[in-house]
Amino acid sequence: MDLKCKKLDCKYNDKFACVAKEIDVNKNNVCDKYEKATKLDEGQKQNVPKNMLNKPPKLHPFRHSKNVQIKCSAECLFNKEGLCLANGITVDSINKKANCLTYMDK
Ligand code: SF4
Ligand code: SF4
């Protein structure tokens with residue numbers, strides 16, 4: 001499972017990768033596990049849209065995340081009995097919420 005996430009200010013985020021062992025995605029495709037970090041290091045404070053022409057973004061090291069479990073309540077093509085069966089998902093921060101962009105209508 002490849003779990004990419006743009007919510008850099010979440011305590012489970014490591015430079016665009018989610019390091020939680022499991023997450024819950026609600027019926028509106030939003031990650032309910034999001035928790036604002038109390039302290040952010042340089043990697044988590046990046047403003048990629050602003051700086052992308054000057055320097056490449058700092059990304060997480062390779063992480064084997066075979067055992068990440070995603071519980072999900074959304075009416076999505078990849079939802080099988082409450083678990084996400086996609087090979088990977090991408091979570092964005094549209095409207096400041098942690099939306100699953102991999103969502104597909106059934
Ligand atoms: S918002 Fe959700 S997917 Fe993103 S890092 Fe936090 S817990 Fe992981
Ligand atoms: S891809 Fe679909 S089933 Fe998987 S977490 Fe996103 S909304 Fe839920």
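In this predicted model, the count of salt bridges comes to 5. One of them joins lysine 4 to aspartate 2, with the closest N and O atoms 2.8 Å apart. Both partners fall in the middle class of exposure: lysine 4 is partly exposed because its relative accessible area of 28% lies between the limits of 20% and 50%, and aspartate 2, at 39%, counts as partly exposed too. Another salt bridge is formed by aspartate 14 and lysine 15, whose closest N and O atoms lie 3.3 Å apart. Aspartate 14 has a relative accessibility of 25% and so counts as partly exposed.

A further bridge brings together the side chains of aspartate 9 and lysine 36, at 3.3 Å from N to O. This pair links distant parts of the chain, the two residues being 27 residues apart. Aspartate 9 belongs to the loop between strand E1 (2-5) and strand E2 (13-14), whereas lysine 36 belongs to the loop between strand E4 (22-25) and helix H1 (48-51). Lysine 36 is exposed, since its relative accessible area is 57% and the class begins over 50%.

Attention can now turn to the two ligands and the residues around them. The shell of ligand 1 is made up of Cys5, Lys7, Cys10, Tyr12, Asn13, Cys18, Ile23, Cys31, Lys33, Tyr34 and Ala98. By class, this shell divides into 8 nonpolar residues, 1 polar residue and 2 charged residues. Two of its cysteines have a computed exposure worth setting side by side: cysteine 10 is buried, with a relative accessibility of 10%, and cysteine 31 is buried as well, at 13%. Both values fall in the buried class because that class covers anything under 20%.

Two other members of the ligand 1 shell, Lys7 and Tyr34, also meet each other. The charged end of lysine 7 sits over the ring of tyrosine 34, at 4.7 Å from the centre of that ring. As for contacts between rings, the structure holds 0 aromatic pairs.

Which residues surround ligand 2? They are Val25, Ile70, Cys72, Ala74, Cys76, Phe78, Asn79, Cys84, Ile89, Cys100, Thr102 and Tyr103. Here the division is 10 nonpolar and 2 polar, with no charged residue. The shell of ligand 1, by contrast, includes 2 charged residues. Cysteines appear around ligand 1, including Cys5 and Cys18, and around ligand 2, including Cys72 and Cys100, yet the structure holds 0 disulfides.

The backbone offers two further points of interest. Most residues other than glycine have a negative phi. Phenylalanine 16, which is not a glycine, nevertheless has a positive phi of about 80 degrees. Phenylalanine 16 is found in the loop between E2 and strand E3 (17-18), and its side of the picture is an interior one in terms of class: at 15% relative accessibility, phenylalanine 16 counts as buried. Glutamate 81 also has a positive phi, near 50 degrees, and is likewise a residue other than glycine. Glutamate 81 has its place in the loop between strand E6 (79-80) and strand E7 (83-84). Is glutamate 81 buried or exposed? With a relative accessible area of 86%, glutamate 81 is exposed, whereas phenylalanine 16 is buried.

Two more loop residues help a newcomer to find the way along the chain. Proline 57 lies in the loop between H1 and strand E5 (69-72) and is partly exposed, with a relative accessibility of 38%. From proline 57 to alanine 37 there are 20 residues in sequence and 20 Å in space, taken from C-alpha to C-alpha. Leucine 85, for its part, is located in the loop between E7 and strand E8 (88-91). Leucine 85 is exposed, with 53% relative accessible area. Its C-alpha lies 9.7 Å from that of lysine 71, the two residues being 14 residues apart in sequence.

Conventions:
Residues numbered from 1 in each chain as written. Chains lettered and ligands numbered in written order. Predicted model: local features only at pLDDT ≥ 70, side-chain atom pairs only at ≥ 80, totals over all residues. Heavy atoms only, no water. Near = heavy atom within 4 Å. Nonpolar A, V, L, I, M, F, W, Y, C, P; charged D, E, K, R; others polar. Phe/Tyr/Trp six-rings, centres within 6.5 Å; stacked < 30°, edge-to-face > 60°. Lys NZ or Arg CZ within 6 Å of the ring centre and 35° of its normal. Disulfide = S-S within 2.5 Å. Buried < 20%, exposed > 50% of the residue type's maximum accessible area, 1.4 Å probe, protein only. Salt bridge = Lys/Arg side-chain N within 4 Å of Asp/Glu carboxyl O. Helix = DSSP H or I, 4+ residues; strand = E, 2+ residues; numbered from the N terminus.
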